[in-house]
Amino acid sequence: MNGYLLDTSTCIFLLRGNRNVENKLNDIEESSCYITDIVVAELVFGAYYSDRIEDNLKQVEEFVAEMNVIPFDQTIHTFAQERAKLWKSGKKIEDFDLLIGCAAKAKDLIVVTHNRKHFEHIEGLKIEDWAV
């Protein structure tokens, strides 16, 4: 698999109309863009946490319907191996970020994030920031 895995921050930038992210997304094939079910969960949480729950849920649902979603169960072993390696080295990454990063690593995708520091400890992970 080749392509891009959008993390939650990138999806939020996209949903809020960030031109840099929109332009980059328009430059690549839609079929080469992915999100994980972890990102979906975070976006749905954000909708419920907002003041405009129904509007934001609808926006998230429409966005997710257009995306390729990678389920967590396809990347469990990569997550477990990476988490064990990081913990043994004294480095800990928030589980959701590690799950997203490991999905990108397992599927040979470039993770697209505005939060580089959350993913830099995952060895071999390719990272881009489209928001700048």
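Modeller: Contact means that heavy atoms lie within 4.5 Å, and with that rule Asp-129 is in contact with Thr-113, His-114 and Arg-116, once its neighbours within four places in sequence are left aside. This is a predicted model, in which local features need pLDDT of at least 70 and side-chain atom pairs count only at pLDDT 80 or more, while totals for chains, interfaces and linings use all residues. Residues are numbered from 1 along each chain as its sequence is written, and side-chain values use heavy atoms, with hydrogens and water left out.

Biologist: Where in the chain is Asp-129 found, and why is Asp-129 called partly exposed?

Modeller: Asp-129 is found in the segment after β5 (127–128), where strands are DSSP runs of E with at least two residues, helices are runs of H or I with at least four, and both are numbered from the N terminus. Its relative accessible area is 21%, and because buried means under 20% and exposed means over 50%, with partly exposed in between (1.4 Å probe, protein chains only), Asp-129 is partly exposed. The C-alpha atoms of Asp-129 and Val-111 are 8.5 Å apart, although 18 residues separate the two along the chain.

Biologist: How many helices and strands does the whole chain have, and in what order do the elements run?

Modeller: The protein chain has 6 helices and 5 strands, and from the N terminus on they run β-α-α-β-α-α-β-α-α-β-β.

Biologist: What makes the radius of gyration agree with that of a compact globule?

Modeller: The radius is taken over C-alpha atoms, and the globule rule is 2.2 Å times the number of residues to the power 0.38. For 132 residues a compact globule would have a value near 14 Å, and the protein chain has 14 Å, so the two agree. Along its principal axes, the C-alpha trace spans about 45 × 30 × 25 Å, and 43% of the 132 residues count as buried.

Biologist: How do you know how many disulfides the structure holds?

Modeller: A disulfide is a pair of cysteine sulfur atoms within 2.5 Å, and the structure holds 0 of them. Cys-11 is in no disulfide, since the nearest cysteine sulfur, that of Cys-33, is 8.5 Å away, and that distance does not meet the cut-off of 2.5 Å. Likewise, Cys-33 is in no disulfide, and the nearest cysteine sulfur for Cys-33 is that of Cys-11.

Biologist: Why are Cys-11 and Cys-33 called buried?

Modeller: Cys-11 has a relative accessible area of 0% and Cys-33 is at 1%, so both values fall under the limit for buried residues.

Biologist: Why, then, is Glu-61 called exposed?

Modeller: Glu-61, which is found in helix α4 (residues 53–65), has 54% relative accessibility, and therefore counts as exposed. The C-alpha atoms of Glu-61 and Val-40 are separated by 8.9 Å, with their places 21 residues apart along the chain.

Biologist: What makes Phe-72 partly exposed, and which residues does Phe-72 touch?

Modeller: Phe-72 is at 29% relative accessibility, so Phe-72 counts as partly exposed, and its place is in the loop between β3 (68–70) and α5 (76–88). Not counting residues up to four places away in sequence, Phe-72 touches Asp-37, Phe-79 and Leu-99. Phe-72 and Ile-38 are 34 residues apart in sequence, and 7.2 Å apart in space, C-alpha to C-alpha.

Biologist: Where is Asp-108 placed, and why is Asp-108 called partly exposed?

Modeller: The place of Asp-108 is in the loop between α6 (95–106) and β4 (110–112). Its relative accessibility is 38%, so Asp-108 counts as partly exposed. Phi of Asp-108 is near 55 degrees, a positive value in a residue other than glycine.
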